[in-house]
Amino acid sequence: MGRSDEPPRLPGGSYATWSRDRLEVARRGAEECGDVWQLESGVYVAATAGPCEEVLHRARDFPKASSPLFPPLKRSSGAPSPEERAHAHAARMHGLRAQAVADRIGEIAPRTARFADQWPMGEDVEILPPVRHALAEIGVHYLFSEDAPALLPHAAQLFLAREVLVRPSRWVWPRWMPTPARRFRTRQQVAFTDALRAVVRRRRSSGRLGDDLLGQLLRPSPRHGLLPEEAVLDTLPGITVATFETPSRAAGWILLHLARHPRAAARVAAEAAALPADPAATTRAHLKDLPYTGALVSEVLRLYPPSWLLTRDAPRQTRLADYTIGAGSTVLVCPYTAHRDAREYTEPDRFLPERWLDGTGSPAKPGVFLAFGTGPHGCEGAALAMAMLTLLTAQTARRYHLSEPPGPGPGYQVTTLEGLATVGLRLRATVRG
């Protein structure tokens with residue numbers, strides 16, 4: 001069949017739920033087969049740090065597959081032009097840069113504190129749903145400020161549409177086929193777009209564009225001028241879901257590590273004790289004063305990158321390591337195995353947040369780090385995600401000891417598009433003395 005909305009399947013039913021053992025198979029493949037190896041005809045795996053980073057930086061030889069989960073809606077005016085897409089991308093990057101995120105730490109911190117304050121006491125809580133809700137509130141507020149409450153329910157439906165779209169299936173349908181999942185996706189995208197259209201028109205007619213990311217998109221560019229309304233609307237469904245979907249997966253692993261490593265959690269709590277009593281008074285300086293907390297977040301992202309496998313296509317013949325990659329081939333970049341490359345990290349399987357700190361306590365870079373990708377298609381929201389996760393971790397450890405309930409631990413859900421997530425993660429919180 002033709003290309004679908006999703007990356008190509010791997011042998012063995014990779015859209016199905018994989019166990020942790022399957023991840024270790026990928027790890028052993030990297031160790032036994034080398035830096036790059038051929039999985040099947042036309043499919044190659046970049047498994048160690050060097051070639052993974054190389055593929056992601058060589059965007060012309062290995063461009064990112066053009067298969068958005070929320071493609072532009074069909075309209076008589078047509079899809080946005082390449083120039084309009086470039087303008088939208090530049091505006092998003094401006095609104096998501098590290099400096100812009102740091103300027104709004106006082107808006108992010110109260111919602112991470114509220115998540116911690118609302119944790120039910122004395123219960124084993126399935127934690128991913130409330131984590132996702134808290135991070136969705138933060139992400140949608142960051143994008144839309146005072147208009148976030150009206151758009152948050154639509155963002156939740158967009159997330160649900162994404163979940164329905166990537167559920168395991170025995171078939172890979174061509175893009176043109178209106179499957180039930182795609183029809184549901186389109187309905188939710190139209191509803192979100194209609195709600196957002198009213199916000200855009202109100203802001204433009206009043207002249208109060210806002211200082212959030214939407215405001216950046218509404219401002220004229222010296223080079224490109226004013227973005228058409230449809231170009232603004234089409235760029236936002238994907239980034240809206242991305243602000244909380246991947247960070248939610250990461251947060252599950254982080255909270256699990258706080259439960260399993262109480263000494264590390266205590267060190268985070270000691271740092272977090274210096275945060276202001278009023279979370280709204282948190283500044284970029286307070287965030288910089290959480291070096292160990294940031295190191296713990298980075299270490300969990302290294303061991304369990306939320307996007308464990310990235311797909312790149314080769315439009316023309318090229319070379320990678322010892323292979324000639326034919327035109328039309330697919331290269332699978334595996335951050336999970338790259339992050340466990342012993343040439344990059346000492347004791348790569350060990351949870352060691354200290355590896356991210358040098359002797360002065362400032363962040364270090366021990367090796368290739370691909371949790372947010374790298375190169376031209378690196379994650380636009382990396383700075384926002386790190387701020388959200390660092391503050392969520394600090395506020396939670398500041399208040400609670402976390403523990404796992406008796407019985408089997410959480411499962412490991414691994415799919416080519418879904419990423420790496422805990423399944424059925426339940427934790428109990430007790431007040432830290």
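**Entry 1: the four-stranded sheet**

I began with one pair of residues and found that Val36 stands opposite Ala46 in strand 2. I note at the outset that this is a predicted model, and I read each entry below with that in mind.

I then looked for a second pair and saw that Glu40 stands opposite Val43, again a residue of strand 2. Strand 1 and strand 2 (residues 43-46) are joined by four bridges and pair in the antiparallel sense. Following the chain from one strand to the other, I found a hairpin with two residues between the strands, and in its turn Gly42 has a positive phi of about 80 degrees.

Stepping back to the sheet that holds this hairpin, I recorded an open sheet of four strands in the order 1-2-7-4, with mixed pairing. I asked which strands stand at the edges. They are strand 1 (36-40) and strand 4 (310-314), and because each has a single partner strand, one side of each is left without a neighbour in the sheet. I noted an average twist of 30 degrees from one strand to the next.

I also looked up what packs on this sheet, and found helix 2 (residues 49-57), which touches strand 1, strand 2, strand 4 and strand 7 (329-333). The direction of helix 2 makes about 125 degrees with that of strand 7.

**Entry 2: the three-stranded sheet**

Next I turned to an open sheet of three strands, whose order is 3-11-8 and whose pairing is antiparallel. Strand 3 (124-126) and strand 8 (400-403) stand at its edges, each with a single partner strand, so one side of each has no neighbour in the sheet. Here the twist averages 40 degrees from one strand to the next.

Looking at one pairing in detail, I found that strand 8 and strand 11 (residues 426-431) run antiparallel and are joined by four bridges. Within that pairing, His401 has Thr430 of strand 11 as its bridge partner. Helix 16 (residues 382-399) lies across strand 8 and strand 11, and runs at about 95 degrees to strand 8.

**Entry 3: a salt bridge between distant parts of the sequence**

A search of the whole structure gave me 28 salt bridges, and I followed up one of them. Arg260 forms a salt bridge with Glu404, and their closest N and O atoms are 2.8 Å apart. What parts of the chain does this pair tie together? Arg260 lies in helix 11 (residues 236-260), while Glu404 lies in the loop between strand 8 and strand 9 (411-415), so the pair ties together parts that are 144 residues apart in sequence.

**Entry 4: the cavity**

Last, I searched for enclosed space and counted one cavity of 30 Å³ or more; the largest cavity has a volume of about 30 Å³. Which residues line the largest cavity? I listed Arg104, Glu107, Ile108, Arg111, Ile138, His141 and Tyr142. Helix 5 (105-117) and helix 6 (128-144) are the elements that give two or more residues to this lining. Sorted by class, the lining has three nonpolar, one polar and three charged residues.

Technical notes. Residues numbered from 1 in each chain as written. Predicted model: local features only at pLDDT ≥ 70, side-chain atom pairs only at ≥ 80, totals over all residues. Heavy atoms only, no water. 1 Å grid on protein atoms, 1.4 Å probe; cavity = no way out; pocket = protein on both sides within 12 Å on 5 of 7 lines; lining within 4 Å. Points joined across faces, edges and corners; volume = space filled by probe spheres on them. Nonpolar A, V, L, I, M, F, W, Y, C, P; charged D, E, K, R; others polar. Pairing = 2+ DSSP bridges. Axes fitted to C-alpha atoms, helices over the stretch in contact; angles between N-to-C directions. Contact = heavy atoms within 4.5 Å. Salt bridge = Lys/Arg side-chain N within 4 Å of Asp/Glu carboxyl O.
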